[in-house]
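Me: I have a model open and would like to understand the labels people put on its residues. Could you walk me through the reasoning?

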Amino acid sequence: MCEAQMVPLLTIASWEWDGGEGHSRAPQEDRAAALAASHHAGQAPSQPTGVEVGSTDNMQIHVCPASPGHPHTDLTQ
């Protein structure tokens, strides 16, 4: 292995914005839907793709900038 520092290639987020009580991070056009009492199953406005990593985590994939042949690493938070 080389000594190059791995760099992020891709981040996969389970949620686009905070679905907390205040919905303060919701985009203006999604605030009415965010404040609605119920949503259809799997159609939360803050999760339009329905992709969920782990239990609502984020995953980052890191690669070696020196060589594409070096193995990638991943980090789930």
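Here are some questions and replies on this predicted model.

Me: Happy to start with the basics. What is the order of the elements in the protein chain?
Reply: From the N terminus they run β-α-β-β, which comes to 1 helix and 3 strands.

Me: Why is His62 called buried?
Reply: The relative accessibility of His62 is 15%, and buried means under 20%, so His62 counts as buried. His62 sits in strand 2, residues 58-63. Apart from neighbours within four places in sequence, His62 is in contact with Met6, Val7, Pro8, Leu9, His72 and Thr73.

Me: What makes the pair His62 and Gln60 a polar contact?
Reply: Their side chains are joined at 3.2 Å, and the cut-off is an N or O pair within 3.5 Å.

Me: How do you know that the structure holds 0 disulfides?
Reply: Good one to check! A disulfide needs two cysteine sulfur atoms within 2.5 Å. For Cys2, the closest cysteine sulfur is that of Cys64, 3.6 Å away, so the pair is too far apart for a bond. Cys64 is likewise in no disulfide, with the sulfur of Cys2 as its nearest.

Me: Why is Cys64 buried, and why is Cys2 partly exposed?
Reply: Cys64 has 7% relative accessibility, which is under the 20% limit, so Cys64 is buried. Cys2 has a relative accessible area of 32%, between the limits of 20% and 50%, and is therefore partly exposed.

Me: How much of the protein chain is buried?
Reply: Buried residues make up 14% of its 77 residues.

Technical notes:
Residues are numbered from 1 along each chain as its sequence is written. This is a predicted model: local features need pLDDT of at least 70, side-chain atom pairs count only at pLDDT 80 or more; totals for chains, interfaces and linings use all residues. Side-chain values use heavy atoms; hydrogens and water are left out. Helices (H or I, at least four residues) and strands (E, at least two) are DSSP runs, numbered from the N terminus. Buried means under 20% relative accessible area, exposed over 50%, partly exposed in between (1.4 Å probe, protein chains only). A polar contact is a pair of N or O atoms within 3.5 Å; within protein, one must be able to donate a hydrogen and the other to accept it, and residues adjacent in sequence count only if both atoms are side-chain atoms. Contact means heavy atoms within 4.5 Å.
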